[in-house]
Amino acid sequence: MQVCFFVAMSTLVLYTAASGIDAAQRLQFEVASIRPHKGPVAVSGLGISGPRVGEIAVDLMDLVTDAYNVRYEQVSGGPDWGKGAARWGIQAKVPGERQPSRDEVRQMLQSLLADRFKLTGVDPR
């Protein structure tokens, strides 16, 4: 799968193969906080602990690769600020008290990217 995103009229658009999940059916976090990460980047990445999900010191590229389960070399285009310039810390809680699967977290990250960064999935076919 190849993922390509670009800025069009200040809105990020993500082109990817269809995941078979309608946006209305996509899972969402119960609550999520996204804040700029300040300070050094010692540890970066996705963590899941019970119903809590966190990303520490991630850039937009990290979020896209986590949410769509692709590698960096499968992503092309995008704004410069999406690649390391701005780093984010994300703390979120899933609905209920159970630990979500990685696939469920990916769907929730896709929803978060659409809601907060205006990044939406589109099937180019």
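**A four-stranded sheet and its two helices**

In this predicted model, Ile48 stands opposite Val53 in strand β5, and Gly47 likewise stands opposite Gly54 in β5. Residues are numbered from 1 along each chain as its sequence is written, and, as the model is predicted, local features need pLDDT of at least 70, side-chain atom pairs count only at pLDDT 80 or more, and totals for chains, interfaces and linings use all residues. Side-chain values use heavy atoms, with hydrogens and water left out.

These residue pairs belong to the antiparallel pairing of β4 with β5 (residues 52–58), which extends over five bridges; two strands pair if DSSP finds at least two bridges between them, while strands (E, at least two residues) and helices (H or I, at least four) are DSSP runs, numbered from the N terminus. The hairpin of β4 and β5 has two residues between the strands, and Gly50 takes a positive phi near 60 degrees there.

The wider setting is an open sheet of four strands, antiparallel in its pairing and ordered β3-β7-β5-β4. Its edge strands, β3 (31–36) and β4 (45–49), each pair on one side only.

Two helices lie across strands of this sheet, in contact meaning heavy atoms within 4.5 Å. Helix α1 (residues 60–68) lies across β4, β5 and β7 (88–93) and runs at about 140 degrees to β5, whereas helix α2 (residues 102–117) lies across β3, β4, β5 and β7, at about 60 degrees to β3. Such angles run from 0 to 180 degrees between N-to-C directions, with axes as lines fitted to C-alpha atoms, for helices over the stretch in contact.
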